[in-house]
Amino acid sequence: MKVLISDSMSPLGEKILTDAGLEVDVKTGLTPDELKEVIGEYDGLVVRSATKATAEIIDAAENLKVIGRAGIGLDNVDIPAASQKGIVVMNAPDGNATTAAEHAIGMMMSLSRNIPQATASMKEGKWEKKSFMGRELTGKTLGIFGIGRIGAIAANRAQGLKMKVIAYDPHMPKEMVDKLGVELVSVEELAKRADYITVHVPLTKETANALSTEFFTNMKKDAMFIDCARGGVCDEEALYKALVDGEIAGAALDVFAQEPTTKENCPLLGLKNFICTPHLGASTTEAQENVATAIAAQVAEYLTKGVVVNAVNVPSVSDDVLAQVGPYINLGEMLGSLHMQIAKGGVEEVSIEYSGELAELNTSPVTVAFLKGLFTPILKDAVNYVNAPVIARDRGIRVIESRSDSSSDFVNVLRIKVVTNEGENVLVGTVFGKNEPRLVRLNTFRLEAQAAGPMLLVYNNDVPGVIGALGTILGKNGVNISRMTVGREDASSQNIILCSTDSVISKELLEEVKQLDNIDDALALELV
Ligand SMILES: NC(=O)c1ccc[n+]([C@@H]2O[C@H](COP(=O)([O-])OP(=O)(O)OC[C@H]3O[C@@H](n4cnc5c(N)ncnc54)[C@H](O)[C@@H]3O)[C@@H](O)[C@H]2O)c1
Ligand SMILES: O=C(O)CC[C@@H](O)C(=O)O
C-alpha cells in the first residue's frame, strides 16, 4: 500500500510508515492540479495544514482509504466528501498543546518587552533604548478565553511567572477550573480585569468574531491581546480599530482569518503595537515529532490492520458491531449535537437510557457517539470517537447509562437527559426502518422529525398565522425550507416548529424571526 505525505513533517512519521511495510512518497508543495493527478495512486494521505483535501481531490482519489492530519485542525479536509467515499479521516489532537501554550506565553513576553520591535530597530542600525520601555508580568492578571487543554497549560505557565489567572469558559464546570487555581469569571469581567488576554478556543458558530468591539472596549487601555488559537475568533477589523484608537495597548496574533496573511489582506500588519507569527503555534521540533509519530502510527494501524484510532468520521468499532448499532450511532451523535445547541450553561450530568430491542445490544459505541456529538459544537476537531469519553471525564461530567427492555411507543428508544448548571433538557430518539433516525421528543414537545443539516427551531404560541409568517420571512431571505415538523405540548398553547433549511440561518435572519408575532424564541442549528 502507498502513502503520500504532502506537507512538511518530522521524518519520524515517514519512518513509522515504512517500518510498517508501507511504501511512502514525500511530495510537499504540490499544486492542487498536481495533487489531483497523483492522488489516485495512494491508499493513505498524510497532511498538515497546507494541503487542501477538497471534494475535487477526494473525488479523484480512487484508492484512498485514509486521510491523516498531523495536528488538530481539519479545516483543510472536506470531511463530508471523505465520509461519502468511505475514507476515514483522523487527526492527532494531543501532541502540540504544550508548544501552542508556550507560543502564547512567548507572545505575551514579546509584547511586554517590545522584543520584535526592538530587534527590527537594531537591525536598521538604531539604538533606541527610550522607545522600548516595557513592563513586568509579575503580579499582573492573565485572562484566558477558553480553558481547555492549551488554556490550562498557559494558566500553569503564567502562574509560574507569578501572574494571577482568571478565565472565561461557559462550558467548563467551576470545580474543574478551581482545581487549576484559576478563577472562572464572566466574559465582561475577563475583559475588564485582565492585563493580558490570551485566546484558546476553536472556531465555532459561537466563537466566530466573538472577540470584537464590545470586548476590546471593555479591556483596560494598557491591556494586551494575544490569539494563538484560530483565525476568525477575533474580529480583525475591530482589533485594528481598538489598537489605533488606543482602546488597548498591544496585540499579538499567530492565526488569521485569511492565511497566508499579508499587509494587503490584513492591515494589522502595518501597526507598530501589533506583533505576529505565521501560524507557528505548533511549530517546534517536539510538537512536530509528537503529531507526526502519532498520525503515522494511526495511519499504519488502519492500513495494515484495519484498526481505527482517533477518527472523526468513523466510530472505532468492529464491522459486526457497526452492522448492529450503526443507525443508533448516527442517532446518538445527532442527539448529542442537538443537546449542546439547545443547552444553556456548562454540562454537569448526562443520563442515557436505552429501551426496547436496543437495550440488548452493545450500546457503548452509541454512548461514545452521543458524547462526540455533544462536544463537537464547542470543541470542533479536538473531539473524536476515541477521546469523547475522556473529555467528559476530564470535565467532571457524570455519564449514567441505564437499560429497560420495555419501550412504550417505539420498538427502540434512546432517551437522553442532559443536566447543566442552568437547567436540563430531555431528548428522545428512535430509528425507523433500518436506518432512519428520528427525533420524537424535545422536552415536553412530541414530534417526529428528521434532524440533520442546517435547521431552525422555533418556540411559538399555537395560533394561526405563525407558520405562514415564518415561511414568508425565510423565503424573502432566500432560505428554502425542505422539511417542517410541528411539535405539540399536550394541553398547552405552546408549539415548537423544526424546519430543515437548504442553507444555514444567519444571525441577522434569526433576529428577524425572533421579532415575529407569537414567536417566543428561535435557534439556528447545524446538525450532523
Ligand atoms: N496556533 C497553532 O498553531 C495552534 C496549535 C494547536 C492548537 N491550536 C488551536 O487552539 C485552540 C484550542 O485548542 P485546545 O487543544 O486547547 O482545545 P480544547 O478543546 O481542549 O479547549 C477549547 C476550550 O474552549 C472552550 N470554549 C468553547 N467555546 C467557547 C466559548 N464560546 N467561549 C469560551 N470558551 C469556549 C471549550 O469549553 C474548551 O474548554 C484550537 O482552536 C486549536 O485548533 C492552534
Ligand atoms: O502548523 C500546523 O500544522 C497547524 C497547527 C494547529 O493549528 C493545529 O491545528 O494542530
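K162 sits in the loop that runs between α7 and β7 (164-168); helices here are DSSP runs of H or I with at least four residues, strands are E runs of at least two, and both are numbered from the N terminus. K162 has a positive phi of about 65°, although K162 is not a glycine. Most residues other than glycine have a negative phi, and most peptide bonds are trans. The second backbone feature to look at is a cis peptide bond that joins E259 and P260, with omega about -5°. P260 belongs to the loop between β11 (250-253) and β12 (274-276).

A word on the ground rules. This is a predicted model, in which local features need pLDDT of at least 70 and side-chain atom pairs count only at pLDDT 80 or more, while totals for chains, interfaces and linings use all residues. Residues are numbered from 1 along each chain as its sequence is written, and chains are lettered from A and ligands numbered from 1 in the order in which they are written.

Now to the parallel sheet. Five strands form an open sheet in the order β2-β1-β3-β4-β5, with parallel pairing (two strands pair if DSSP finds at least two bridges between them). β2 (23-26) and β5 (88-91) stand at the edges with a single partner strand each, so one side of each has no neighbour in the sheet. From one strand to the next the twist averages 20°; angles run from 0 to 180 degrees between N-to-C directions, and axes are lines fitted to C-alpha atoms, for helices over the stretch in contact. β4 (residues 66-69) and β5 pair in the parallel sense over four bridges, and the bridge partner of V66 in β5 is V88.

Two helices lie on this sheet. α1 lies across β1 (2-5), β2 and β3 (44-47), running at about 155° to β2, whereas α12 lies across β1, β3, β4 and β5, at about 165° to β4. How do α1 and α12 meet each other? The axes of α1 (residues 11-19) and α12 (residues 285-305) come within 7 Å and cross at roughly 20°. The two helices are therefore roughly parallel, the word for angles under 35 degrees (over 145 is roughly antiparallel, 65 to 115 roughly perpendicular and the rest oblique). The crossing of α1 and α12 is right-handed, meaning that the near helix is turned clockwise from the far one by less than a right angle; anticlockwise would be left-handed. On the α1 side, L12, G13, I16 and L17 make the contact, meeting E289, A292, T293, I295, A296, A297, V299 and A300 in α12; contact here puts C-beta atoms, placed from the backbone, within 7 Å. By class, the residues of this contact are nine nonpolar, two polar and one charged, with Ala, Val, Leu, Ile, Met, Phe, Trp, Tyr, Cys and Pro counted as nonpolar, Asp, Glu, Lys and Arg as charged, and the others, Gly among them, as polar.

The other sheet to follow is open too, with ten strands in the order β14-β13-β15-β16-β17-β18-β20-β21-β19-β22 and mixed pairing. Its edge strands are β14 (398-404) and β22 (519-527), each pairing on one side only. β19 (residues 453-461) and β22 pair in the antiparallel sense over eight bridges, and L456 has A524 as its bridge partner in β22. Helix α16 (residues 466-476) packs on the sheet, where α16 touches β19, β20 (481-489), β21 (494-501) and β22, and its direction makes about 30° with that of β21.

α13 also lies across strands of this sheet, namely β15 (412-420), β16 (423-432), β17 (436-442) and β22, running at about 155° to β16. α13 (residues 319-342) packs with α14 as well, at an angle of about 30° and with the axes 7 Å apart. That makes α13 roughly parallel to α14. The contact of α13 with α14 has 15 nonpolar, seven polar and two charged residues.

That leaves the ligands. Ligand 1 is surrounded by 35 residues, the closest being G146, G148, I150, H171 and G281; a residue counts as near when its C-beta atom, placed from the backbone, lies within 6 Å. α5 (97-113), α7 (149-160) and α14 (364-379) are the elements that give two or more residues to this shell, and the largest share, three residues, comes from α7. By class, the shell around ligand 1 has 19 nonpolar, eleven polar and five charged residues. Around ligand 2 you will find R48, S49, G71, I72, G73, N96, H279, G281, A282 and S283. The shell around ligand 2 divides into two nonpolar, seven polar and one charged.
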